[in-house]
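User: I have a structure open here and I'd like to go through parts of it. Can we start?

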Amino acid sequence: MRASRPSVRVELFAQLAGRVDELGLRRGRPVVVLVGGAGGMGKTDLGLVDGLLREAVFPLLDRLDAVVVDGGTDSGVMRVAGRALHAVGARFPLLGVVATGTVGADGDGELEPYHTHTLLVPGATWGDESPWLAGVASVIAGGEPSVTLVVNGGAITYDDIARSLDLGRPILVVAGTGRTADAVAEASAGRLADPRAAEVAASPLTTVVDIADRAAITAALETALAKP
């Protein structure tokens, strides 16, 4: 576990750029917004995502000098991301964007210990961090590319995806990781009528790749993060 890490609190969207600078995060670099399951992820899905991040995603992001932004708490895909970062010795920043009232004395969550930076944002319930997650990714990226990577997920994940789509951010959905990601993949193949999944699948910004095809996932990420 890191002995200490930069952590700042923000109250207004207009303060985001200044707070990112306070964290010591260099702006103008590729960004991956990692969204997906938290407490609802099963052991099998967690293992699949862990292998994906360690073997296919994080080595690429290290090479690209990217930043990963996620929800920052010690559960689900966020826990897997922190442990994977630590295990592979990746050097890129992993920024957790956390609603203040969901952790510590005010909430039942905890911060994931291996994230490199923490941004505390207003909110008392899970999902309150969604607009801040999308916004801080744009601030860090500046004019550089960014992409939202969807693995597993619940109802809040649809909100995260919608905010990225509203900003024109490409979405890469990893089929085979469960729940929301699989629902979007099924809708993309015309096998599911869930209106939320269908809306995501219908967007020209959405790409679906199967978790078994690691090379395709790496290639899709590299394409999404390539300079125009």
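User: What follows H4, and what is its phi like?
Analyst: This is a predicted model. In it, H4 is followed by Gly142, and the phi of Gly142 is positive, near 60°.

User: Which residues make up H4, and what does H4 pack on?
Analyst: Helix H4 covers residues 130-141 and packs on the sheet. The strands touched by H4 are E2 (31-36), E3 (67-70), E4, E5 and E6 (146-151). The direction of H4 makes about 165° with that of E2.

User: How many residues of H4 are buried?
Analyst: 9 of the 12 are buried, so H4 is largely enclosed by the rest of the structure. Among them are Trp132, Leu133, Val136 and Ile140.

User: What span should H4 have at 1.5 Å a residue?
Analyst: The 12 residues of H4 should span 16 Å. The end C-alpha atoms of H4 are 17 Å apart, which agrees.

User: New topic, the sheet. What is the strand order, and is the sheet open or closed?
Analyst: The sheet is open and has 8 strands, in the order E1-E5-E4-E3-E2-E6-E7-E8, with parallel pairing.

User: Which are the edge strands?
Analyst: They are E1 (7-9) and E8 (206-210), and each pairs on one side only. On average, neighbouring strands of this sheet are turned by 20° against each other, direction ignored.

User: What holds paired strands together?
Analyst: Strands of a sheet pair through backbone hydrogen bonds.

User: And over how many bridges do E4 and E5 pair?
Analyst: Strand E4 (residues 94-99) and strand E5 (residues 117-121) pair over 5 bridges, in the parallel sense. For Val97, the bridge partner in E5 is Leu119.

Definitions and conventions:
Residues are numbered from 1 along each chain as its sequence is written. This is a predicted model: local features need pLDDT of at least 70, side-chain atom pairs count only at pLDDT 80 or more; totals for chains, interfaces and linings use all residues. Side-chain values use heavy atoms; hydrogens and water are left out. Two strands pair if DSSP finds at least two bridges between them. Helices (H or I, at least four residues) and strands (E, at least two) are DSSP runs, numbered from the N terminus. Axes are lines fitted to C-alpha atoms, for helices over the stretch in contact, and angles run from 0 to 180 degrees between N-to-C directions. Contact means heavy atoms within 4.5 Å. The expected span of a helix is 1.5 Å times one less than its number of residues. Buried means under 20% relative accessible area, exposed over 50%, partly exposed in between (1.4 Å probe, protein chains only).
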